[in-house]
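Please open the model in your viewer and keep the selection panel at hand. The tour below moves from stop to stop, saying what to select and what is found there.

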Amino acid sequence: MGDKVLIPDAGGRGVALARTLAKSSDVKQVFLAPGPGGGIRHDKISCIPIPLTHTKDLARFAKENGVALIVPGSEIPLAFGLYEQCRLYGLRIFASGPKVTALESSKIAGKQFCRIHDIPTGPWAWFKNHKDARCYIYGAEYPLVIKTDGLAEGKGVEICQDIQEAEAALEERMVRLIHQESGKRVVIEQYLGPTKNELSAHALCWGEGAEMMAMSKDQKIYKGMTGGVFAFAPVPWVTASEFSAIEHHIMRRTVHSLCQENKPLIGFLYPGLMSTSQGPKVLEINICRGGDPECQAIFEILADDYDLYHALQSCVDHKRPEPLRWKKKYAACLVMLSGGYPDPEKMRVGFPISGIEEAEREIGVVVLPAGVEENNEVLFTAKGRVLNILATADDLLGAIRITYEAADIISYEDKDYDPRISEVVKDKMRQIRA
């Protein structure tokens, strides 16, 4: 016997979550919907072709197949009503309803929540009128950050160095509507610092409290991307005092404030943070799902004998889970890309992938499919984010080096990835030592 789990996710994050939950002796089968398109070699994990937006179909599948727990990997199904469908079908889900997830689905709601509950964040303003937003940027200090209010699949943030860039960002969102309805309202906020100072915090939440996970960091700003192209955990330069400030002034305060508003948070809490001279500050709040690719790195250093499935079940029951335990290792996750990504007009896909088994055998990495297609047991590139290479080591630079060694072995046409991570990390470490 054993339980069945459903993970709505379409990429490497869902695969990493599925592998971790499948370690539980109480889990018989994990379904990924729709999954990465192929390449999963695990006897407990299978994919079902249900799109993330088809939440009624997801709930019906879970009900008909006796799924014991639904764990959203992506924010998309929650935005399309998965929680409500689960309630209708009497299903257990590691997530919360729209009153809670609104903190992610609206940047404005998230910022207002921080203001009301004294959660540290930077100065900001929001606009629904293009003319008013243009007037604001002419009196602002640069650089500044313009964000699409609603969900934009990780592509809604733009750092603007001058008025011209800010005008273009507003034009794209509020006039051309490149993010559709999500961009009709924007948040304009103070630039708090370079991306090298960004951090990602994660916690498991059970309504009344939060169990902190290992601190992680994703590396951004590569060829116009603002989503992560590399992640690692833990972050060696986060001090005990900074970790404590994040835990008490941001994570627990968020959970307790939601509880006071009668909106108990069940699920992941994942704020993006900036480390500043005034302490850590919130850039955005993500609710009921983890970061991609941060989760891949975090789960890789979770202790092998820790049962994450039991922990999530405890949270759904509003009970504190068993304290998390970690390997004394660093994990790195390199995202391998299709050339031209994220520009759909420049990106080409459909190329065969080789070298995965060799890389796993010779280098000792784990390669997760993220955006592939499979035909006759051959993988082909299918999306912009193709593969995730996971490596662990006793030191961070060692883990990073291993991922690059594996990337050299893996081959496909138009292969791309950010080659600068080692130097970025070395620079940050030199800065800390100085």
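Begin by selecting helix H6, residues 107–116, in which Lys107, Ile108, Gly110, Lys111, Phe113 and Cys114 are buried; bear in mind throughout that this is a predicted model. Now add the surroundings of the helix, since what covers the buried residues of H6 includes helix H5 (98–105), strand E5 (124–127), E6, E8, helix H9 (240–260) and strand E15 (279–287). Just after H6, stop at Asp118, where phi takes a positive value of about 60°.

Stay with H6 and turn to the enclosed spaces, of which the structure holds two of 30 Å³ or more. The second largest cavity, with a volume of about 60 Å³, can be shown by selecting Lys107, Gly110, Lys111, Lys147, Val187, Glu189, Val282, Leu283, Glu284 and Ile285, which line it. Two or more lining residues come from each of H6, E8 and E15, and E15 provides the largest share, four residues. Which classes of residue make up this lining? Colouring by class shows four nonpolar residues, one polar residue and five charged ones around the second largest cavity.

Next, go to the largest cavity, which holds about 70 Å³ of space. Select Glu75, Leu78, Ala79, Thr101, Glu104, Ser105, Leu151 and Ile287 to display its lining. Helix H3 (76–79) and H5 each supply at least two of the lining residues, with H5 giving the most, three residues. The lining of the largest cavity divides into four nonpolar, two polar and two charged residues.

From the cavities, move to the second largest pocket, where about 460 Å³ of space lies. Of the 21 residues that line this pocket, those to select for a view of its centre are Gly39, Arg41, Ile356, Glu360 and Val367, the closest to that point. Helix H1 (12–21), H12, strand E17 (366–369) and strand E19 (378–381) each contribute at least two lining residues, and E17 contributes the most, with four. By class, the pocket lining consists of twelve nonpolar, four polar and five charged residues.

Keep H12 (residues 356–363) selected and add helix H13 (residues 396–409): the two pack at an angle of about 145°, with their axes 8 Å apart, and their crossing is right-handed. Glu358, Ala359, Glu362 and Ile363 on the H12 side meet Ile402, Glu405, Ala406 and Ile409 on the H13 side. The residues of this contact divide into five nonpolar, no polar and three charged.

The last stops concern the backbone. Select Ala33 and Pro34, whose shared peptide bond is cis with omega near -5°; Pro34 has its place in strand E2 (residues 27–34). A cis peptide bond also joins Tyr142 and Pro143, with omega about 0°, and here Pro143 is found in the loop between helix H7 (130–138) and strand E6 (144–148).

Then pick Leu177, in the loop between helix H8 (163–175) and strand E8 (186–190), which has a positive phi of about 55° although it is not a glycine. Is Leu177 buried or partly exposed? Its relative accessibility is 28%, so Leu177 counts as partly exposed. Finish at His318, in the loop between helix H11 (308–316) and strand E16 (330–338), where phi is near 60°, a positive value in a residue other than glycine. At 38% relative accessibility, His318 likewise counts as partly exposed.

How values were computed:
Residues are numbered from 1 along each chain as its sequence is written. This is a predicted model: local features need pLDDT of at least 70, side-chain atom pairs count only at pLDDT 80 or more; totals for chains, interfaces and linings use all residues. Side-chain values use heavy atoms; hydrogens and water are left out. Axes are lines fitted to C-alpha atoms, for helices over the stretch in contact, and angles run from 0 to 180 degrees between N-to-C directions. A crossing is left-handed if the near helix is turned anticlockwise from the far one by less than a right angle, and right-handed if clockwise. Contact means heavy atoms within 4.5 Å. Ala, Val, Leu, Ile, Met, Phe, Trp, Tyr, Cys and Pro count as nonpolar, Asp, Glu, Lys and Arg as charged, and the others, Gly among them, as polar. On a 1 Å grid over the protein atoms alone, a cavity is a set of points where a 1.4 Å probe fits but cannot get out, and a pocket is an open set with protein on both sides within 12 Å along at least five of seven lines; lining residues have an atom within 4 Å of a point. Grid points are joined across faces, edges and corners, and a volume is the space filled by probe spheres set on the points. Buried means under 20% relative accessible area, exposed over 50%, partly exposed in between (1.4 Å probe, protein chains only).
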